[in-house]
Amino acid sequence: MIEVKTLEGISKSVLFQTFTRAFSDYIAKIQMSQERFERELLIRRSFISELSIGAFDKQQLVGLIFNGLRQINGKKVLYDCATGIIPAYRKQGISTKMFQYLEEIINDKKIDSYLLEVIQKNEPAVALYKKSGLDICCEYMCYHMKKENFKKFHKNDEITIELKNLNNVNFDLLTSFWDYQPSWQNSMESIKNVHSQFNIIEAHQDSKLLGYAFINPLNGEIPQIALKKEERGKGIGESILQKVIETTTADKISIINTDKRDHNLNSFLEKHGFELNLSQYEMIKNYSFE
Ligand SMILES: CC(C)(COP(=O)(O)OP(=O)(O)OC[C@H]1O[C@@H](n2cnc3c(N)ncnc32)[C@H](O)[C@@H]1OP(=O)(O)O)[C@@H](O)C(=O)NCCC(=O)NCCS
């Protein structure tokens, strides 16, 4: 008999062990330490155990939905950080039961939207989310590039490129450079949640900020890169990428979840040697409480 309840009071090591088993055969290979799991899956994404769901066989956790909560534009948005069932318990309706239980929590807490991302070719998961009432609202592209494949064209030498920590970043100014909102894991709140993992590369001219990229120098992840609109097409983006290459110890650089409609950014990345690795859907279900 499977019992479904929240993950309140369940230890981080049990969450980690069950997550590792549930994702042991996942489409994208996942190998991480417990420390990285807690930082990237839980802290970065604003995980809350009381709003997350577990399925238990006797006392053993066999399935989970990790959820993070944020207030976005005055709305309470709950985000699915991960959903997984350990292989022996799949196709028994357990995820369906967990999503039914989640609906009760969403109603009780008056959550406005439930949001998630899913790899497009993960058919079981896409089917589960559609069955649970979520609709596709956006498509994301995931790029990566081996550093040796970086293609240079016209680096801009009139600007200053600096690598800094995040202590004095004017986050509001940076958002004014955006054409599209970043996904949950790449948002300002996610970056602030794990700020010691990231540096910022800034492009300046006459002490004016023209563009930036956040970079994790250890694994080559770029959660955001953007230039002021009037500064595009002048080689500044390439100078920022050059600095990313120089300051990253990993062999690969990755940019996960660029908006499919962002032709400007996607063609910039492809031109400089990035390859499309995966495509994702963002899916959403909205609720209204009268
Ligand atoms: C996706 C996953 C969570 C589904 O869990 P589950 O408990 O087996 O799902 P359920 O038995 O409740 O099935 C619910 C619905 O999901 C879909 N589904 C589940 N397994 C499926 C499969 N192998 N093929 C196609 N659809 C499938 C179906 O629509 C199903 O409804 P139906 O039985 O009425 O057809 C599970 O396969 C899993 O843990 N996969 C690995 C981790 C993962 O990919 N997580 C999602 C990304 S974060």
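**Exercise 1. Find what the buried residues of helix H1 pack against, and decide whether they line one face of the helix.**

Solution. Step 1: the buried residues of H1 pack against H2, strand S3 (60-72) and S4. The model is predicted.

Step 2: helix H1 covers residues 12-22, and Leu 15, Thr 18, Phe 19 and Ala 22 are buried in it.

Step 3: viewed down the axis of H1, these buried residues fall within an arc of 105°, so they line one face of the helix.

Step 4: a general rule fits here. An α-helix has 3.6 residues a turn, so residues three or four places apart point the same way.

**Exercise 2. Classify Ile 119 and Thr 258 as buried, partly exposed or exposed, and list their contacts.**

Solution. Step 1: locate each residue. Ile 119 is in strand S5, and Thr 258 lies in strand S11 (residues 252-259).

Step 2: apply the cut-off. A residue is buried if 20 or more other C-beta atoms lie within 10 Å of its own, exposed if 12 or fewer, and partly exposed in between.

Step 3: Ile 119 has 17 other C-beta atoms within 10 Å, so Ile 119 is partly exposed. Thr 258 has 25 other C-beta atoms within 10 Å, so Thr 258 is buried.

Step 4: list the contacts, not counting residues up to four places away in sequence. Ile 119 touches Ile 27, Ala 28, Leu 278 and Gln 280. Thr 258 is in contact with Tyr 140, Met 141, Tyr 143, Leu 265 and Asn 266.

Step 5: set sequence separation beside distance in space. Ile 119 and Met 141 are 22 residues apart in sequence, with 9.9 Å from C-alpha to C-alpha. Thr 258 and Ser 183 are 75 residues apart along the chain, and their C-alpha atoms are separated by 8.1 Å.

**Exercise 3. Describe the nonpolar cores.**

Solution. Step 1: the largest nonpolar core has 37 residues, of which Leu 64, Phe 66 and Leu 116 touch the most other members.

Step 2: a second, separate core has 29 residues, including Tyr 143, Ala 213, Ile 222 and Leu 265.

Step 3: return to Leu 116. Leaving aside neighbours within four places in sequence, Leu 116 is in contact with Tyr 79, Asp 80, Tyr 129, Leu 134 and Met 283.

Step 4: recall the general tendency. In soluble globular proteins, nonpolar side chains tend to be buried together.

**Exercise 4. Divide the chain into domains and describe the side of domain 1 that touches domain 2.**

Solution. Step 1: the protein chain is divided into domain 1 (2-133) and domain 2 (143-279).

Step 2: the contact takes 12 residues from domain 1 and 9 residues from domain 2.

Step 3: on the domain 1 side, helix H2 (34-43) and strand S5 (113-119) are the elements that give two or more residues. S5 gives the most, with 3 residues.

Step 4: by class, this side of domain 1 has 5 nonpolar, 2 polar and 5 charged residues.

Step 5: the centres of the two domains, taken over C-alpha atoms, are 30 Å apart.

**Exercise 5. Describe the shell around the ligand.**

Solution. Step 1: there are 22 residues around the ligand, and Arg 90, Ser 95, Pro 124, Ala 127 and Leu 128 come nearest.

Step 2: the elements that give two or more residues to this shell are strand S4 (75-85), helix H3 (94-108) and helix H4 (123-131). H4 gives the most, with 6 residues.

Step 3: the residues of the shell divide into 11 nonpolar, 7 polar and 4 charged.

Key. Residues are numbered from 1 along each chain as its sequence is written. This is a predicted model: local features need pLDDT of at least 70, side-chain atom pairs count only at pLDDT 80 or more; totals for chains, interfaces and linings use all residues. A residue is near a molecule or strand if its C-beta atom, placed from the backbone, lies within 6 Å of it. Helices (H or I, at least four residues) and strands (E, at least two) are DSSP runs, numbered from the N terminus. Ala, Val, Leu, Ile, Met, Phe, Trp, Tyr, Cys and Pro count as nonpolar, Asp, Glu, Lys and Arg as charged, and the others, Gly among them, as polar. A nonpolar core is a set of buried Ala, Val, Leu, Ile, Met, Phe, Trp, Tyr and Cys residues joined through C-beta atoms within 7 Å. Two residues are in contact if their C-beta atoms, placed from the backbone, lie within 7 Å. Domain bounds come from an automatic or database domain assignment. The arc is that of the directions from the helix axis to the C-beta atoms.
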